[in-house]
Structures are given as C-alpha cells and as structure tokens.
Amino acid sequence: MSSPKKVVLAYSGGLDTSIILKWLQEEKGCEVVTFTADLGQGEELEPARRKAEAQGVKEIFIDDLREEFVRDFVFPMMRANAVYEGLYLLGTSIARPLISKRQIEIAHQVGADAVCHGATGKGNDQVRFELGYYALDPDIKVIAPWREWDLNSRTKLIEYAEKHGIEIAKDKRGEAPFSVDANLLHTSSEGKALEDPNEEAPEFVYQRTVAPEDAPDKPTYITIGFERGDAVSIDGEDLSPAALLTKLNELGGANGIGRLDLLENRFVGMKSRGIYETPGGTILLMAHRGIEQITLDKGAAHLKDELMPKYAELVYNGYWYSPEREMLQAAIDTSQELVTGTVRLKLYKGSVDIVGRESPYSLYSQEHVTFEEDDVYDQADAGGFIKINALRLRLLKARDRKAGKNS
C-alpha cells in the first residue's frame, strides 16, 4: 500500500488527537485535514479550531451534526428499545457511524486518500470507526496510530506533548483528566480512578446528573408525545429531535436519572468498567416502552424483544451499516407505523415511572378486561382454550406414567 498523502483526522482538540495530528505531520509526512463533530458534547469547539490552526492545518471542518445524530441514529435505535447487556443505552456506540460517515464525505470532498481516528488498540471504537469507513468506501486507507506508534502509555503521550509544545489539559485536581466521551445522548468516563471495579466512582466523575439523593423531594411530571415511534413533543410543545433530547437531558439530570456503573464485555474480548450518564435517553426509552404497551400487538412486541439484543449487539460492535442491521431496522420500523400517542411519566430521585398512556390507535379494551359484567367476552371460552394448550402436557404425563417415570 502506498503511503497516504492527505488524511482526514477525527479531531477533538484533546491530548490524544492533538498528538496524533503532530505525529501524522512529522512521522507520516501527511497533509492533515481536521474534522470535529458537534454531537452535543456540551463544550466549546472553537478551541479545537485554534489548536489545529496553530499546528498549521489549512482545512478545518467543525460541523454541527446534532439534529442528524438524534434523528437518523438515536431515534432509529430507540425504536428498537436497544440496550446492550441489559443496561447500556449505547451512547458512544451510536455516535461512531455518523462520525465515520462524515469523515468519508469530507475525504471525498477534499481529495484525501486516508482517514484517521484516535481510538486505542484495546477498545471497541477502533472497530466501529473502521467498519464504518470500509462500509462506505472500501478503498479508503485507514491510519490507526495507537496500533503503530510506541506512545503506548499516558506518560509517554504527555512527554511527547511537552516535547512538541502541545497544550495539556488539566482537571481541577491539576492532573491529566480521565477519559471522557460525550454527546447529546450520554457521557462516558473510563480509566484512572475508575479502573478498579470494586471502588465506587467518585462524585466528581458525574457531569450531567445530580446525585439521586440530592434531587428534588417533589416529583416532576412530564408528557411525551410520539408519532410513528419517534418522540415529537414534551408537554404539548413540538420540538426538533435534538431540542427534545436536550430538554429531556435537563429534566433527567435535575432529577438524578440515568446513572450507570457498568462492567461490560468489549467486542475485542476484555471486560471494561465505564461510568455512563444517559438522563434523556433513559426517560425516552421508558416513554417509548410505554407507548408501545398500548399500541403494539403482543406478537409484534414480543418479537421485537427477541430481536433487540441482536440489534444492540450489532450497534455495539460497529455494524450499523451492515445488511443485517438494516434488515432488523426495516422490521422494527414497520412495527412503529401506529406507535403514536402520549405517555405521562413521573421523574423522582433517579427513577422514571410510567403513570399514564393514551393513543388514538390503542389496543387496550377496557370492555374486555373489566372485572364488572360485560357483553364482549364469554369466560366459558377459556376452558377450551386451556384444554387445547394443555393437550401436549397431558399426553406427555400419560406417556411418562406408562414408562414408569414418576418425576
């Protein structure tokens, strides 16, 4: 493979990607184009531009992708109720295919022959980025510095930064900060004080949520409106996807909702400990479950729950652009055609409870379930239903008795 000449770098302006930028220039001799995605991480992005300019970068892309992120990635995933290993709402995972997509678009726009990411050789993100790259451009060259260079520790990175005059961010304790990934769906914190899974995460790790015990003593009630499986309003106010998730983050964070301490199984084989905050996503998932309760047929709902772990695993492992994820998405989206209505929720000290739901397409029939007298359901029918369903069990028991089995 010929050496790359021009590379689009996924650039945050943090320590790792600032060092990668210098390394690409010095060690690879590449012209570097930086791309910084605004996915709602909640930080000023202009410093990334200034840092890139200071290192001689001529083509700098800083793109606001918040609406696309929520509309085209978070919402489709929420329609599936996707949760990895029973707990994780996939906040980091779902951002990677969008970043990959935009990187490839920029590479084509500026005539770059390579793309580069800052993911380490131990994590999932290297897989997610690169599966996205190759799915969208099978001929693209990929540079993964962590799999090439000898800067294999935080200490060596800092030494390299000091040698080349690269600014090193400090946390409020005067130390290089632990690893943080953030977007509009969540925050993720790993490393440093969090590497011992038996030690409770210190409170300073949490950035978007108050501690549940410090949340208000009075519950907050909200109503979320849905159309075809997607949230469209809060308390009757229509909101864009990104604005809606932003509002839910504020409500969830103030009520201590969405904290998760997870020891998960990475795609590459090891277990890792992460501290996640997904306040708005936690509320949204519960609300979507609530509207499905009243609008989805039993068979469709149960099949969705069977498909969900596979869907979540595909997202977690980086297969967003795979045909199997798209096949599952088509089935899921078909199920959402009449998932329309409102869900009322109670937010209180870290918990989200459904307290009401209604829909013009409700499948709930009070006539059928009432404990009072009705004219629509003949209870005697249940006897035949039970006998038919018990037939195989009765035949099995008769056979076992004949064979002398008493268990």
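Here a trainee and a mentor talk through a predicted model.

Trainee: Before we start, what pLDDT do local features need?

Mentor: Residues are numbered from 1 along each chain as its sequence is written, and side-chain values use heavy atoms, with hydrogens and water left out. This is a predicted model, where totals for chains, interfaces and linings use all residues, side-chain atom pairs count only at pLDDT 80 or more, and local features need pLDDT of at least 70.

Trainee: How many helices and strands does the protein chain have?

Mentor: Helices (H or I, at least four residues) and strands (E, at least two) are DSSP runs, numbered from the N terminus. The C-alpha atoms fill a box of roughly 85 × 55 × 45 Å along the principal axes. Into that box go twelve helices and 14 strands.

Trainee: What percentage of the 407 residues count as buried?

Mentor: Let's fix the word: buried means under 20% relative accessible area, exposed over 50%, and partly exposed in between, with a 1.4 Å probe and protein chains only. For the 407 residues of the protein chain, the buried share is 48%.

Trainee: Which strands are the edges of the open four-stranded sheet?

Mentor: Strands pair if DSSP finds at least two bridges between them. The order is β6-β7-β12-β11, with antiparallel pairing. Pairing on one side only marks the edges, β6 (179-182) and β11 (259-265).

Trainee: Staying with β6, which residue of β7 stands opposite Asp181?

Mentor: Strand β7 covers residues 187-190, and four bridges join this strand to β6 in an antiparallel run. Across from Asp181 you'll find Ser188.

Trainee: Over to α7: which elements do its buried residues pack against?

Mentor: Helix α7 (residues 241-254) has 14 residues and reaches 20 Å from first C-alpha to last, close to the 20 Å expected at 1.5 Å a residue; the expected span is 1.5 Å times one less than the number of residues. Its buried residues include Leu244, Leu245, Leu248 and Leu251. Taking contact as heavy atoms within 4.5 Å, the buried residues of α7 pack against α3, β8 (220-227), β9 (230-234), α8 (279-295) and β13 (341-348).

Trainee: And which residue just after α7 takes a positive phi?

Mentor: Look right past the end of the helix, where phi is about 70°. The residue there is Gly256.

Trainee: How far is the sulfur of Cys30 from the nearest cysteine sulfur?

Mentor: A disulfide is a pair of cysteine sulfur atoms within 2.5 Å, and a search of the whole structure finds zero of them. Cys30 is buried at 7% relative accessibility, and Cys116 is buried too, at 0%. From Cys30, the nearest cysteine sulfur belongs to Cys116, and the separation is 8.5 Å.

Trainee: Is Gln55 buried or exposed?

Mentor: Gln55 lies in the loop between α2 (46-54) and β3 (60-64). Leaving out residues up to four places away in sequence, Gln55 touches Tyr11, Ser18, Leu21, Lys22 and Gln25. With a relative accessible area of 15%, Gln55 is buried.

Trainee: What about Gly86, buried or exposed?

Mentor: Gly86 also sits in a loop, the one between α3 (66-79) and α4 (96-110). Its C-alpha is 9.7 Å from that of Ala312, 226 residues apart along the chain. At a relative accessible area of 61%, Gly86 is exposed.
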